[in-house]
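Please work through the exercises below with the sequence and the model side by side. Try each task on your own before you read its solution.

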Amino acid sequence: MIALTIRLWRLACVILCAAALCGCATIQNAPINIPLAATDSANGDSWAIPSNGDDVLIGLAFSGGGTRAAAFSYGVLSEFENSEIGSPSRKDSLLDRIDYVSGVSGGAIMAAYFGLKGRDALSDFRERFLLRDAEESLRVPFTPVSVVRAYQGGVNDAQQFPRWLDENLFHGATFAQFSGAHRPRVLINASDVYNRTPFVFDDAMFKAICSDLNSYPIASAVAASAAIPVVFAPVVLASYPDRCQAAIPGWVTAAQDNLAAPPLLKSLATAIAHYRDGSVPYIKLLDGGLVDNYGLSAFTIERLSAGTPYGPLTARQAARIRRFLFLVVDAGRGPSGDWVQTPDGPTAADIVAAAADTAIDSSARSSFTAFDQTMSEWRTALVHWRCSLSPADREKYGISPGWDCRNLKLFVGRINFDQLGARRASTLNAIPTRFKLNREDVDSLVTAGQDALRANPVFREFLTSTNGKSMTTASSPSR
């Protein structure tokens with residue numbers, strides 16, 4: 001009897017402790033997005049790409065990978081600053097000619113800061129972020145409270161990391177500050193883990209959920225893009241279908257009705273339909289790398305859903321463009337561990353890490369393949385449309401005499417560690433994908449980004465094609 005009483009007391013203590021821990025472990029992830037004002041409900045051409053008004057279009061996509069990805073991307077941008085384009089009489093830094101930048105996780109931090117501050121971002125991003133411990137505000141995963149929080153959805157809630165990012169980088173900035181004077185168009189990519197689709201923080205997606213993007217904090221969007229499952233609780237958005245007067249975009253209905261629609265387009269159309277019919281009132285967002293670690297899905301979807309041969313460009317842009325450069329800056333991690341050297345292993349931890357890396361890398365390769373094919377088909381459609389323009393259309397779009405409708409080259413490529421040689425790539429791959437790195441690793445990654453861009457054959461051929469200089473290239477990527 002005494003033994004049974006002791007066991008009951010122990011069980012009661014365990015229950016009371018668990019209850020106390022649950023009270024301490026409440027997850028704070030209430031949605032902070034607000035409904036779209038009735039006057040802003042029109043769909044509009046929210047996916048058009050900005051440009052510098054010239055015949056060159058430049059886009060960059062920064063992969064996920066924590067501070068490692070941010071540092072590598074920072075190095076690429078630094079080399080863009082040192083690269084020039086133009087005529088012999090006038091040269092402009094390529095950094096000022098970037099029209100479009102997309103980011104995932106660590107790459108999203110660099111993309112957002114560059115979109116917000118332009119070239120000034122290069123002057124202080126290293127000190128404000130790369131050399132800082134961005135994990136200092138995060139809870140460690142192996143305390144009793146953290147275990148309970150992990151079970152409830154995530155060790156760290158939707159307040160801690162956004163608060164740190166806001167205090168150190170964004171200082172209350174919202175998406176409204178991405179508009180106005182020309183800046184690169186910025187896309188922050190997360191994953192809708194219920195619908196298993198990309199969720200892009202842009203005007204089109206927020207209008208789909210009848211919410212106001214301009215008032216949404218940049219720090220919260222970046223935190224959603226970097227929300228590693230279990231380590232972070234999902235960032236939650238509310239949809240407001242009963243507050244929205246805008247019709248669902250026509251491409252959504254068309255994709256749902258078309259049995260042959262591309263799977264990426266069809267799945268996103270289905271997700272948007274769920275947002276608008278009220279069946280998904282709360283959208284749960286986690287790390288963008290879960291569905292697309294390159295952040296290319298947004299542009300692929302924009303092109304696939306366009307109702308014109310030239311979309312998402314405007315007709316005037318499409319008529320004038322001659323060169324389009326799009327580079328993926330890939331700081332993804334290569335294979336790691338030595339468990340393939342023996343019959344034993346891998347351990348459970350190795351299996352989990354390898355499975356996650358396999359899924360992320362596989363989806364990234366698929367997204368790049370889809371993007372590359374979409375760009376090739378887009379060029380064909382553009383040339384056909386341009387060559388069919390009437391003299392009146394050419395005059396309307398400001399086309400000068402002697403214009404060659406076929407003079408259009410697309411340069412699509414990846415910048416990664418492998419381009420720096422096996423030994424150096426192995427050293428870089430060993431750097432962890434955390435939000436805390438030492439100074440030596442940061443400097444190695446920045447230098448690697450600079451060197452990799454200089455050595456990249458796609459970039460070199462783009463410069464040759466644009467500046468007319470003779471440069472040695474390893475391949476001929478132009479189409």
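The exercises that follow concern a predicted model, and each one is followed by a worked solution.

**Exercise 1. The chain as a whole**

Describe how many helices and strands the protein chain has, what share of its residues count as buried, and what share of the contacts between residues at least 6 apart in sequence join residues at least 24 apart.

Solution. Begin with the secondary structure: the protein chain contains 17 helices and twelve strands. Next, turn to burial, where 49% of the 479 residues count as buried. Finally, consider the contacts between residues at least 6 apart in sequence, of which 80% join residues at least 24 apart.

**Exercise 2. Two helices that cross**

Find helix α2 (residues 66–82) and helix α3 (residues 106–117), and work out how their axes cross and which residues meet.

Solution. First, look at the two axes, which come within 6 Å and cross at roughly 40°. An angle of this kind is neither under 35 degrees, which would be roughly parallel, nor in the range 65 to 115, which would be roughly perpendicular, and α2 and α3 are therefore oblique to each other. As for handedness, the crossing in which α2 passes α3 is right-handed.

Then list the residues that meet: α2 contributes Gly-66, Ala-69, Ala-70, Ser-73, Tyr-74 and Leu-77, while α3 contributes Gly-106, Gly-107, Met-110 and Phe-114. Sorted by class, this contact of α2 with α3 consists of six nonpolar residues, four polar residues and no charged ones. When you look at the spacing along a helix, remember that an α-helix has 3.6 residues a turn, so residues three or four places apart point the same way.

**Exercise 3. A helix and its surroundings**

Decide whether helix α4 (residues 121–130) is largely enclosed or not, using its buried residues, and name elements that cover them.

Solution. Start by marking the buried residues of α4, which are Ala-121, Leu-122, Asp-124, Phe-125, Arg-126, Phe-129 and Leu-130. These are seven of the ten residues of α4, so the helix is largely enclosed by the rest of the structure. The cover over the buried residues includes α2, α3, α6 (160–170) and α16 (439–455).

Two of the buried residues in α4 deserve a closer look, Asp-124 and Arg-126. Asp-124 has a relative accessible area of 14% and is buried, and its side chain meets that of Lys-117 in a salt bridge with a distance of 3.0 Å from N to O. Lys-117, in contrast, is partly exposed, with a relative accessible area of 30%. Arg-126, at 19% relative accessibility, also counts as buried, since the cut-off is under 20%. Arg-126 forms a salt bridge with Glu-127, where the closest N and O atoms are 3.2 Å apart, and Glu-127 counts as partly exposed at 42% relative accessibility.

**Exercise 4. A salt bridge between loops**

Locate the salt bridge of Asp-55 with Arg-322, and explain why the pair ties together parts that are far apart in sequence, 267 residues from each other.

Solution. The whole structure holds 19 salt bridges, and in the one between Asp-55 and Arg-322 the closest N and O atoms are 2.6 Å apart. Now place both residues: Asp-55 is in the loop between α1 (2–24) and β1 (56–62), and Arg-322 is in the loop between α12 (315–320) and β11 (323–329), so the pair ties together parts that are 267 residues apart in sequence. Asp-55 counts as partly exposed at 23% relative accessibility, and Arg-322 counts as partly exposed at 29%.

**Exercise 5. Backbone details**

Examine the peptide bond from Gly-311 to Pro-312 and the phi angles of Ser-105 and His-171, and say where these residues lie.

Solution. Keep the general background in mind: most residues other than glycine have a negative phi, and most peptide bonds are trans. The peptide bond from Gly-311 to Pro-312 is cis, with omega near 10°, and Pro-312 sits in the loop between α11 and α12. Ser-105 is not a glycine, yet its phi is positive at about 55°; it lies in the loop between β4 (100–104) and α3, and counts as buried at 5% relative accessibility. His-171 likewise has a positive phi, near 50°, and its place is in the loop between α6 and β6 (185–192).

Note on methods: Residues numbered from 1 in each chain as written. Predicted model: local features only at pLDDT ≥ 70, side-chain atom pairs only at ≥ 80, totals over all residues. Heavy atoms only, no water. Axes fitted to C-alpha atoms, helices over the stretch in contact; angles between N-to-C directions. Helix = DSSP H or I, 4+ residues; strand = E, 2+ residues; numbered from the N terminus. Parallel < 35°, antiparallel > 145°, perpendicular 65-115°, else oblique. Left-handed = near helix turned anticlockwise from the far one by under 90°. Contact = heavy atoms within 4.5 Å. Nonpolar A, V, L, I, M, F, W, Y, C, P; charged D, E, K, R; others polar. Buried < 20%, exposed > 50% of the residue type's maximum accessible area, 1.4 Å probe, protein only. Salt bridge = Lys/Arg side-chain N within 4 Å of Asp/Glu carboxyl O.
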